Amino acid sequence: MFTVIVAAAKEFSLLKAESPAPKIEQTPLGWPPLELEEASQPITEPKSEVPSFTVSASVYFPEPAQTDDTPYITADGSRINKRNPGKHRWIAVSRDLHSRWGGNINYGDSLWVTGISDQLDGLYVVRDVMNRRMRKRIDILVGKHDEVMGFWKNVQIAKLD
């Protein structure tokens, strides 16, 4: 029985040292691979033809005093990480900016934010809306222990496709 298996393996080239497949020259990849390295470069600014808006900005914590009675659930139903809310890079927009109330920004839209600080400028996703008394304003979600506070005027936001 063993000899039959060995004979079949030799017949189908399973025991041969070299494969009949053509040789392919392989070069080792560095870490990170060049394709990933190029893709991971930070985006420095949005395209110039993207319209921008001037708003004021502030930060908010996911707590009932600053939100509603469900502070870890955003208006679009997303759940906020309780241990590190700021990792999401989510924002709330005032209702006048949101499409539901006549604006042109929707839940899930990506916004490029500049004019705050090196730490807070960058790409955010719209997940929440603010109280109806706010106008032309965004609120950046941060954690209570992130030690980020402030109110900024003349902040530029640009909706990215």
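Helices here are DSSP runs of H or I with at least four residues, strands are DSSP runs of E with at least two, and both are numbered from the N terminus. With that in hand, threonine 74 is easy to place: it sits in the loop between S1 and S2.

Before going further, a word on what you are looking at. This is a predicted model, where local features need pLDDT of at least 70, side-chain atom pairs count only at pLDDT 80 or more, and totals for chains, interfaces and linings use all residues. Residues are numbered from 1 along each chain as its sequence is written, and side-chain values use heavy atoms, with hydrogens and water left out.

**The overall layout**

The chain has 2 helices and 6 strands. Read from the N terminus, the order is α-α-β-β-β-β-β-β. Of its 161 residues, 31% count as buried (buried is under 20% relative accessible area, exposed is over 50%, and partly exposed is in between, with a 1.4 Å probe and protein chains only). Contact here means heavy atoms within 4.5 Å. Among contacts between residues at least 6 apart in sequence, 69% join residues at least 24 apart.

**Back to threonine 74**

Threonine 74 counts as buried, at 6% relative accessibility. Leaving out residues up to four places away in sequence, threonine 74 touches Ile80, Trp90, Arg127 and Asp128. With Arg127 there is also a polar contact (a pair of N or O atoms within 3.5 Å; within protein, one must be able to donate a hydrogen and the other to accept it, and residues adjacent in sequence count only if both atoms are side-chain atoms). A polar atom of the threonine 74 side chain lies 3.2 Å from the backbone oxygen of arginine 127.

**Salt bridges**

Arginine 127 turns up again here. A salt bridge is a side-chain nitrogen of Lys or Arg within 4 Å of a carboxyl oxygen of Asp or Glu, and by this rule the count comes to 3.

| Acidic residue | Basic residue | N to O distance |
|---|---|---|
| Glutamate 63 | Lysine 144 | 3.0 Å |
| Aspartate 76 | Arginine 127 | 3.1 Å |
| Aspartate 109 | Lysine 159 | 3.4 Å |

Take the pair of glutamate 63 and lysine 144, which form a salt bridge. Glutamate 63 is in the loop between S1 and S2 and lysine 144 is in the loop between S5 and S6, so the pair ties together parts that are 81 residues apart in sequence. Lysine 144 is exposed, with a relative accessible area of 51%.

Next come aspartate 76 and arginine 127, also joined by a salt bridge. Aspartate 76 belongs to the loop between S1 and S2 and arginine 127 to strand S4, so this pair ties together parts that are 51 residues apart in sequence. Both partners are partly exposed: aspartate 76 at 26% and arginine 127 at 23%.

Then there is the salt bridge between aspartate 109 and lysine 159. It links distant parts of the chain, with aspartate 109 in the loop between S2 and strand S3 (110-114) and lysine 159 in strand S6, 50 residues apart. Aspartate 109 counts as buried at 14%, while lysine 159 is partly exposed at 26%.

**Aspartate 121 and its contacts**

Aspartate 121 is in the loop between S3 and S4 and is partly exposed, at 24%. Its side chain reaches two backbone nitrogens: that of glycine 115 at 3.2 Å and that of isoleucine 116 at 2.8 Å. Setting aside neighbours within four places in sequence, aspartate 121 is in contact with residues including Arg89 and Val113.

**Two residues with positive phi**

Arg89 has a backbone quirk of its own: a positive phi of about 60°, although it is not a glycine. It is found in the loop between strand S1 (52-60) and strand S2 (90-93), and it is partly exposed at 27%. Asparagine 154 also has a positive phi, of about 55°, and is not a glycine either. Asparagine 154 sits in strand S6 (residues 151-160) and is exposed, at 60%.

**The largest pocket**A pocket is an open set of points on a 1 Å grid over the protein atoms alone, where a 1.4 Å probe fits, with protein on both sides within 12 Å along at least five of seven lines; lining residues have an atom within 4 Å of a point. The largest pocket holds about 510 Å³ of space. Of its 24 lining residues, Gln66, Thr67, Val129, Met130 and Asn131 lie nearest its centre. Strand S4 (122-129) and strand S5 (137-141) each supply at least two residues of that lining.

Key:
Grid points are joined across faces, edges and corners, and a volume is the space filled by probe spheres set on the points.
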